[in-house]
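I have gone through the structure and set out my remarks below. Please read them alongside the sequence and the coordinates.

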Amino acid sequence: MMYTVEIENDGERTVINSPDTEYRVSGTYTKAKNKIPSCTFNIYPDNPGYNKLSEYKTLVRIYDPTADDEERQKFGGRIILIEGKVDSTGFYKTVTCEGWLGYFKDTINYLYSAINGMTENIPVNQVVYQFVRWHNENCSNGHDFDIDSFATTDTIGEYSPSADKSSFDALTDENLTKYLNYDVTEYLGKDGNMKRKLCCNKGLNEAGDTIIRLGENMQSLTVANNFDNICTRVIPMTKDGALMGTLGIDTVWVDDVEAIKKFGVITKMHTFDYLSKTKSLAKAGKNWLNSNSKVTRTITVNCLDLFDIDVTPDSFEIYSTYLIDCPELGISERLELTQLTRDINETWNTQLTFGEILYSARSYKSLK
C-alpha cells in the first residue's frame, strides 16, 4: 500500500505522492512517545511540488486514502529544512518536516509565576491547560490548539515557569510526561479552516491484539541495554542552583543505597526547573533517583511479514502495548510501542521500537 503526500501553501494544495503521481517522492515518517513527529523525503525536479517548497511555510500531510476520516492522516506538519543535492541520479531535494507539536517550540514558558494563582500541589491538567493558553495567546495565526479536557488526580508539588523553556519543553517536563502522552489531531472547523487539537492521553495503556513473535511476524529483533543514564547518587538543585543544604556542612545529595552496593557511587547533578524552594529538594531527589537508578532496555523490531497473518501496518500505533514473545532472549512481555518509523510508499516496511523496560539497578540481571 502507498500513502498520499500533499503539500499546502496559503491554502493551495498539491499532491506530490500517490498511485497517480509521476516522479513520486521517497521517504519515511516517524512518531515517538512525547516527541515531535518527523518526516523526511526526497523530491525530484519533475515532481509537481518541486518548486513549491518553503521552510516554515509549506505544510505537509501524509494520508492513508483507504482509512476512515479520523484515521486518515498519518503525519501532519511543516517543512523546517530543504537541502539541495546532486548525485549520479541527478538533482533532488531532501526535505525535513516536523509535526504539529513543533508549533509549541515557537513560544516560551515565562509569562506568569503561577498556574491559576496556585504555586503548590497543582493538578496536572491545570498546568497543561495553562501552558496551552499561554501558547495560544502568543503564537502565529493558525498555530493555536484546542485541547481535549481530561480529568486527573495527579498533582505537581511545586511549579514555577522557566524563562528559558519553550512551550514544548514545558509540556514535556518530566513531571508531566510521567502522567501524559501527547498527540495532535487535525479537523475541519465550522469556518472552513483546519483546526488542531492537543490530546494528552491518546492511546494510553490501550492493549493491542497483535503479538510480535519470532518466526511469525518478526524478521529481526535487537535488544539493547543502556547504562548511560544510570545514577546511584544525585545532587538535586532548585531552578536557581540552590542545594538542599550548606556545602561542606550538610549532606547535599540523595543516595540509592542498594544500587550503590551493586554499581558503586555514580553521581549526577539534576536541576529541578519547576522548584524554587530547597525544602522540596530531598523528596524530589528521591523520586528522581527511583526513576534513574535504572538500566534501560529497548527492543527494536522489523516487521515485514505481517501480510501472512492478516495484520496491516496500521495495527501498530504508539502508546499502545503489544506482547513481544522471544523466549530465546528471555523476553515475553507486554510493552508499550514508543517509536514507529514507516516508509511512505512501502507501508509494510515498518520499524517498531518497544520499551523502555526499566530494570532497577538494585535487581538488574544481564541477558540470558
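The points below concern one pocket and one sheet with its helix.

1. The model is predicted, and the remarks that follow should be read with this in view.

2. The second largest pocket holds about 850 Å³ of space. Its lining comprises 30 residues. Those nearest the centre of the pocket are Glu70, Glu71, Gln73, Val184 and Thr185.

3. Which elements each supply at least two residues of this lining? They are α1 (69-72), β6 (73-87), β11 (183-188) and β12 (194-199). Of the contributions to the lining, that of β11 is the most, at six residues.

4. In chemical class, the lining of the second largest pocket is divided among 12 nonpolar, 12 charged and six polar residues.

5. Elsewhere in the chain numbering, an open sheet is built from three strands, ordered β16-β15-β17, with mixed pairing. Its edge strands, β16 (254-255) and β17 (267-271), each pair on one side only. As a general matter, strands of a sheet pair through backbone hydrogen bonds, in either a parallel or an antiparallel manner.

6. In which sense do β15 and β16 pair, parallel or antiparallel? Strand β15, residues 233-237, pairs with β16 in the antiparallel sense, over two bridges. Val234 has Val254 of β16 as its bridge partner.

7. A helix accompanies this sheet: α6, spanning residues 281-292, lies across β15, β16 and β17. The direction of α6 is at about 140° to β15. The description of the sheet is thus best read together with that of the helix lying across its three strands.

Technical notes. Residues are numbered from 1 along each chain as its sequence is written. This is a predicted model: local features need pLDDT of at least 70, side-chain atom pairs count only at pLDDT 80 or more; totals for chains, interfaces and linings use all residues. Side-chain values use heavy atoms; hydrogens and water are left out. On a 1 Å grid over the protein atoms alone, a cavity is a set of points where a 1.4 Å probe fits but cannot get out, and a pocket is an open set with protein on both sides within 12 Å along at least five of seven lines; lining residues have an atom within 4 Å of a point. Grid points are joined across faces, edges and corners, and a volume is the space filled by probe spheres set on the points. Helices (H or I, at least four residues) and strands (E, at least two) are DSSP runs, numbered from the N terminus. Ala, Val, Leu, Ile, Met, Phe, Trp, Tyr, Cys and Pro count as nonpolar, Asp, Glu, Lys and Arg as charged, and the others, Gly among them, as polar. Two strands pair if DSSP finds at least two bridges between them. Contact means heavy atoms within 4.5 Å. Axes are lines fitted to C-alpha atoms, for helices over the stretch in contact, and angles run from 0 to 180 degrees between N-to-C directions.
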